[in-house]
Amino acid sequence: MDKPIAFELHGPEFIPSQYDKHIVRRLSSMDGQYLDLETYQEMLTKDDLLLYEVYEIERPEVAGELLHGVSIVHPGKVGQEYFMTKGHFHAVLDTAEVYYCLKGQGLMVLETPEGEWAVEDLSPGRVLYVPPRWAHRSVNTANQGDLIIFFIYPGHSGHDYGTIEQQGFRKLVIDGAGQPTVIDNPRWKASGVNR
Ligand code: 6PG
Ligand code: NI
């Protein structure tokens, strides 16, 4: 029988006092996701920059368990577009997620397989419930400072990155005259994956 587990999560860094996985995502893992492909390639040639990190507390990936942790999106831009996570559907589509913003300023870009989309604010103290079927991507819209979010999702969810790598998100977030601005993704194409 499992024993209760506790860890500390305190600012300013909000790195869990204990974690099992530390995932590091660099520019190279975002191939084809940024609008300005030329600037992306130039930046990558210079330096495979660190975009974001995830600290996860491992639990059995089964229904009934809850996976949880912290994702930290660093500040920066590729052309006019802010640093963001890869984004994904859950492999088990009918699994939700809760996000609790601990620090920073950002947006969560969301969409369903049917093409419905939403963009939600992320700011300290804000809780976002991501319903089942909604793909999700976090975007750090601050010029300085990390976007730090605590997340919880069902153990059996899994991750489907392939659909997003293939079709992208319908909406992108750019720095429009100093303001985070949501635009259509000209390269979005419905993957036709009828899920
Ligand atoms: C999840 C969560 C969350 C997410 C991170 C990194 O399902 O695991 O949504 O932990 O993984 O925010 O984002 P990417 O998984 O899209 O790289
Ligand atoms: Ni998720």
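I began with the classes: Ala, Val, Leu, Ile, Met, Phe, Trp, Tyr, Cys and Pro count as nonpolar, Asp, Glu, Lys and Arg as charged, and the others, Gly among them, as polar. The model is predicted, with local features needing pLDDT of at least 70 and side-chain atom pairs pLDDT 80 or more, while totals for chains, interfaces and linings use all residues. Residues are numbered from 1 along each chain as written, chains are lettered from A and ligands numbered from 1 in the order written, and side-chain values use heavy atoms without hydrogens or water.

**Pocket.** I looked up the largest pocket (on a 1 Å grid over the protein atoms alone, an open set of points where a 1.4 Å probe fits, with protein on both sides within 12 Å along at least five of seven lines), and it holds about 350 Å³ of space. Its lining (residues with an atom within 4 Å of a point) has 24 residues, and those closest to the centre are Val54, Glu56, His88, His159 and Tyr161. By class I noted eight nonpolar, nine polar and seven charged residues in that lining.

**Ligand 1.** I found 16 residues around ligand 1, the closest being Tyr52, Glu97, Tyr99, His159 and Tyr161, where a residue counts if one of its heavy atoms lies within 4 Å. For polar contacts (pairs of N or O atoms within 3.5 Å), I recorded an oxygen atom of ligand 1 at 2.5 Å from a side-chain N or O atom of Tyr161, and one at 2.6 Å from such an atom of Tyr99. A polar side-chain atom of His136 lies 3.2 Å from an oxygen atom of ligand 1.

Methods. Grid points are joined across faces, edges and corners, and a volume is the space filled by probe spheres set on the points. A polar contact is a pair of N or O atoms within 3.5 Å; within protein, one must be able to donate a hydrogen and the other to accept it, and residues adjacent in sequence count only if both atoms are side-chain atoms.
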